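Subject: Structure handover

Hi,

Here is the structure I promised to pass on. Have a look at it first, and then read on for what turned up.

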Amino acid sequence: MNTNDNLMEKIVSLCKRRGFIFQSSEIYGGLSNTWDYGPFGVELKNNVKSAWWKANVYDRDDILGMDAAILMHPKVWEASGHVDNFYDLKSDCKSCKKRFKVADLKDPKRCPECKGELTQGRPFNLMFKTHQGPVEDGTGLIYLRPETAQGMFVNFLNILDSKHPKLPFGLAQIGKAFRNEVTPGNFTFRTREFEQMEIEYFVKPGEADKKLEEWIDYRFNWYLNLGIKKENLRKRPHTKDELAHYAKACTDIEYNFPFGWSELEGIANRTDFDLKQHAQVSQKELQYFDGTTKEKFYPYIIEPSGGVDRSVLAFLVDAYDEEKVKDDVRVVVKLNKDLAPIKVAVLPLLKNRPEIVELAKRIAKDLKKCFITVYDDTASIGKLYRRQDEVGTLYCVTVDVQSLEDKQVTVRDRDTMLQDRIGIDNLKKYLWEKLNS
Ligand code: GAP
């Protein structure tokens with residue numbers, strides 16, 4: 001069924017209705033473009049992060065995990081070039097007073113909304129500033145990090161000294177980043193506070209081009225393996241004038257969002273820019289010593305850098321479906337089994353029969369030992385199924401009158417809606433096989 005009409009509105013509404021994502025500080029009128037993840041949202045987000053960590057840290061032998069602090073020495077951002085180069089040009093409309101990012105404008109002189117005259121583009125640094133300590137006279141000026149990457153670069157020496165890894169090797173980190181975006185929007189797509197999943201992969205300079213291509217494919221396939229439809233995903237190499245100040249080459253993985261093809265992740269060749277800069281500013285030796293060739297050099301860095309919030313949004317949009325069932329429409333979120341917030345829901349067919357309720361609760365308690373399971377008896381069975389479909393629950397287990405006698409329950413598959421009658425003793429094994437197949 002065609003679901004593209006008003007798809008974003010439907011997603012935003014579903015997110016609020018079912019507890020995925022709420023407007024921040026809503027009771028105070030909301031903080032614009034800032035979002036809170038609710039009970040199902042936090043599960044989905046954690047599952048996306050776990051899937052990323054598994055594919056990039058646990059399943060490989062060449063990547064080490066890290067978790068650096070958000071606050072860093074201000075010199076980090078001078079060395080990285082963010083103080084001088086991390087700008088957007090902004091332009092204001094003299095008539096309607098709206099503010100625009102110059103890069104988004106078709107005509108840099110005319111307001112796209114009211115056709116009024118626009119001011120000259122003025123640079124606007126995207127880093128959030130704050131003060132460390134009780135004095136606000138500028139001496140304690142620090143920044144909220146605009147990328148997690150620098151936390152890994154400044155720990156390069158610590159990693160070499162503590163783990164002695166051989167090239168090529170990488171560091172992986174998931175964490176919050178902050179950018180004072182000129183034009184945030186499109187729900188959680190562009191916000192001022194967001195979460196990144198980044199890898200800094202250190203390679204011999206001569207191998208950088210090849211490793212860049214390998215990483216582009218590896219990361220592209222990660223999205224496909226988690227269920228993103230192939231026709232909704234593409235690779236887009238950057239043109240020279242798009243490249244960040246530190247990059248020699250970059251390819252974006254883009255998703256076909258309802259508002260158009262947009263970046264999910266960028267995979268860049270950062271060369272030896274960052275290590276050289278930090279070595280120069282910190283006056284520390286940050287070269288790698290190759291024990292075989294006895295050479296000392298700055299490794300190049302291949303950086304796959306994705307957004308948690310953008311991935312969550314893409315997975316939700318891609319999984320959203322509307323199916324015609326008799327005279328009704330079934331909204332179902334067909335999230336991949338590793339991403340679905342809830343794996344199993346146990347539902348009593350009749351909540352006014354204490355024996356059924358008691359048996360259903362006992363089954364749910366037992367299943368919780370193995371799977372993320374919920375028990376729900378707050379509505380009629382039809383409504384309970386619909387609610388579970390909308391949050392992507394993979395299996396619904398229904399306990400009915402017959403269950404009291406034959407010790408069997410009905411298991412309904414989210415995607416096919418087919419039902420199996422399964423013995424309670426066999427239920428865990430049945431679900432385990434389904435969820436791990
Ligand atoms: N360390 C490289 C770097 O930060 P980037 O392309 O600026 O590169 C990487 O950001 C990823 O972070 C993007 O592909 C996107 O998924 C996410 N991201 C960047 N800015 C964002 C924002 N304002 N809101 C949400 N996600 C953002």
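Before the first pair, one cut-off: a salt bridge here is a side-chain nitrogen of Lys or Arg within 4 Å of a carboxyl oxygen of Asp or Glu. Glu390 and Arg18 make one of these, and their closest N and O atoms are 2.7 Å apart. Glu390 sits in helix H11 (residues 381-391) and Arg18 in helix H1 (residues 7-18), so this salt bridge ties together parts that are 372 residues apart in sequence. The two partners are covered to differing degrees: Glu390 is buried, with a relative accessible area of 10%, while Arg18 is partly exposed at 23%. Please keep in mind that this is a predicted model.

Now the overall picture. The protein has 437 residues, and buried ones make up 50% of them. There are 13 helices and 23 strands, and the C-alpha atoms fill a box of roughly 75 × 65 × 50 Å along the principal axes. As for the surface, the protein exposes about 21600 Å², with carbon and sulfur atoms supplying 50% of that area. If you take the contacts with a separation of 6 or more, 63% of them are between residues 24 or more positions apart.

Back to charged pairs. How many salt bridges does a search of the whole structure find? The count comes to 46. Another one joins the side chains of Glu195 and Lys49, at 2.8 Å from N to O. Glu195 belongs to strand E10 and Lys49 to helix H2 (residues 39-58), so here the linked parts are 146 residues apart in sequence. Both Glu195 and Lys49 are buried. There is also a network of salt bridges, which links Asp321, Glu323, Arg330, Lys334, Asp389 and Arg412.

Asp274 deserves a paragraph of its own. You'll find Asp274 in helix H8 (residues 273-282). Is Asp274 buried or exposed? Its relative accessibility is 0%, and anything under 20% is called buried, so Asp274 counts as buried. Asp274 forms a salt bridge with Arg270, where the closest N and O atoms are 2.8 Å apart, and Arg270 is buried too. The side chain of Asp274 also makes a polar contact with the side chain of Gln150, at 3.3 Å. Setting aside neighbours within four places in sequence, Asp274 is in contact with Gln150, Phe153 and Tyr246.

Next, the ligand. It is surrounded by 21 residues, and the closest are Glu147, Arg179, Glu181, Glu198 and Glu263. Sorted by class, this shell has 10 charged, 6 polar and 5 nonpolar residues. A few distances to look up in the viewer:

- An oxygen atom of the ligand is 2.6 Å from an N or O atom in the side chain of Glu263.
- An oxygen atom of the ligand is 2.8 Å from a polar backbone atom of Leu264.
- A nitrogen atom of the ligand is 2.8 Å from a polar backbone atom of Thr191.

Taken alone, the ligand exposes 550 Å², and the protein buries 91% of that. Which elements give two or more residues to the shell around the ligand? They are strand E10 (193-203), strand E13 (260-271) and strand E16 (300-307). Strand E13 gives the most, with 5 residues.

Last stop, towards the end of the chain: Ile424. This residue is in the loop between strand E23 (419-423) and helix H13 (427-436). Ile424 counts as partly exposed because its relative accessibility is 21%, and the buried class is kept for values under 20%. Its contacts, leaving out neighbours within four places in sequence, are with Leu359, Ile363, Lys407, Gln408 and Val409. Ile424 and Thr410 are 14 residues apart in sequence, and their C-alpha atoms are 9.6 Å apart in space.

If you only have a few minutes, I'd start with the ligand and its contact to the side chain of Glu263, then go to the salt bridge between Glu390 and Arg18, and finish at Asp274 with its partner Arg270.

Cheers

Methods:
Residues numbered from 1 in each chain as written. Predicted model: local features only at pLDDT ≥ 70, side-chain atom pairs only at ≥ 80, totals over all residues. Heavy atoms only, no water. Helix = DSSP H or I, 4+ residues; strand = E, 2+ residues; numbered from the N terminus. Buried < 20%, exposed > 50% of the residue type's maximum accessible area, 1.4 Å probe, protein only. Polar contact = N/O pair within 3.5 Å; in protein donor to acceptor, adjacent residues only side chain to side chain. Contact = heavy atoms within 4.5 Å. Near = heavy atom within 4 Å. Areas by Shrake-Rupley, 256 points an atom, 1.4 Å probe, with all protein chains shown as cover. Nonpolar A, V, L, I, M, F, W, Y, C, P; charged D, E, K, R; others polar.
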